Amino acid sequence: GAYVQAIAQLQGGLNAWLALALAIAAAAAVGAFVGALSFRYGLKGSYFALVTLAFAEVFRIGALSVDFTGGGVGLMLPLQTAAANLQFGSRKGYIVLMLAFVVAAAAVTAGIRHSRFGAGLMAVRDNEDAARAVAVDPQAAKRGAITLSAAFMGAAGAFYVQVFQYIDPALAFGPTTSVEALVAAIVGGMGTLWGPVLGAAVLHLL
């Protein structure tokens with residue numbers, strides 16, 4: 001998400017908001033690809049987590065090796081303070097935008113929890129064989145979940161690069177980024193609506 005946002009603006013000349021939409025779509029597509037490949041071979045639990053970390057490392061090495069990502073130097077966005085550019089002159093603007101992102105993600109998550117798709121996800125989480133018995137496709141449910149999760153992370157990456165105006169392979173794909181996202185959800189409570197939000201707040205305060 002961060003790299004697509006930066007590249008779309010710097011090399012594609014796109015407006016920041018259009019680049020944001022593209023970043024979310026690109027991240028979702030990558031999530032769908034990783035999920036389809038992983039779930040096709042039945043990877044679960046810690047094996048699936050290791051595969052996602054391995055993909056992040058592949059992307060890190062790839063970003064180091066090509067020119068359009070800036071290689072090891074990374075990419076720097078110019079400071080163009082304006083709401084139309086997703087850049088603000090004070091922290092207040094970024095905080096408001098961040099809270100809007102969090103509320104939007106929570107609203108989508110709440111909607112899923114009370115939908116047929118959400119019920120299917122819970123069924124797959126508890127027992128895949130039982131889920132199949134009630135006409136839930138575990139592979140489709142898991143692919144949908146990882147695609148949506150990747151879209152959220154793509155938005156977060158795009159937001160990050162707008163705030164700090166810089167991205168490099170270690171920041172985008174380093175293990176710290178992946179682990180931090182996981183730990184916040186685990187500490188706050190997986191499978192809950194506000195748990196990951198509270199977990200992230202506690203971890204960053206500490």
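A salt bridge is counted where a side-chain nitrogen of Lys or Arg lies within 4 Å of a carboxyl oxygen of Asp or Glu. The legends below refer to a predicted model.

**View 1. Salt bridge between Lys44 and Glu128.** The side chains of Lys44 and Glu128 meet at 3.8 Å, N to O, and so fall within the 4 Å limit for a salt bridge. This pair joins distant parts of the chain, with the two positions 84 residues apart in numbering. Lys44 sits in the loop between helix 2 (16-40) and helix 3 (45-65), while Glu128 belongs to helix 6 (residues 128-133). Lys44 is partly exposed because its relative accessible area, 48%, is between the limits for buried and exposed. Glu128, at 13% relative accessibility, counts as buried because the value is under 20%.

**View 2. Salt bridge within helix 6.** Asp129 and Arg132 form a salt bridge through their side chains, with an N to O distance of 2.9 Å. Both residues lie in helix 6, three residues apart, which is about one turn of the helix. Asp129 has a relative accessibility of 56% and therefore counts as exposed, the cut-off being over 50%. Arg132 is partly exposed, with a relative accessible area of 44%.

**View 3. Network of salt bridges.** Lys44, Glu128, Asp129, Arg132 and Lys142 are linked in a network of salt bridges. The network includes the Lys44 and Glu128 pair as well as Asp129 and Arg132 from helix 6. In total, six salt bridges are counted in the model.

**View 4. Salt bridge between Arg125 and Asp126.** The side chains of Arg125 and Asp126 meet at 3.2 Å, N to O, in a salt bridge. Arg125 and Asp126 are both exposed.

**View 5. Crossing of helix 5 and helix 7.** Two packed helices are described by the angle between their axes and the distance between the axes. For helix 5 (residues 116-126) and helix 7 (residues 138-164), the axes come within 9 Å and cross at roughly 110°. The two helices are therefore roughly perpendicular to each other, since this class covers angles of 65 to 115 degrees. Helix 5 passes helix 7 in a left-handed crossing.

**View 6. Nonpolar surface patch.** Val179, Val183, Val187 and Leu203 make a nonpolar patch of about 270 Å² on the surface. Helix 9 (residues 175-188) gives the most to this patch, contributing three residues. Val179 is one of the patch residues and lies in helix 9. With 40% relative accessibility, Val179 counts as partly exposed.

How values were computed. Residues numbered from 1 in each chain as written. Predicted model: local features only at pLDDT ≥ 70, side-chain atom pairs only at ≥ 80, totals over all residues. Heavy atoms only, no water. Patch = residues over 30% accessible without salt bridge, like charges linked within 9 Å, V, L, I, M, F, W, Y side chains within 5 Å. Areas by Shrake-Rupley, 256 points an atom, 1.4 Å probe, with all protein chains shown as cover. Helix = DSSP H or I, 4+ residues; strand = E, 2+ residues; numbered from the N terminus. Buried < 20%, exposed > 50% of the residue type's maximum accessible area, 1.4 Å probe, protein only. Axes fitted to C-alpha atoms, helices over the stretch in contact; angles between N-to-C directions. Parallel < 35°, antiparallel > 145°, perpendicular 65-115°, else oblique. Left-handed = near helix turned anticlockwise from the far one by under 90°.
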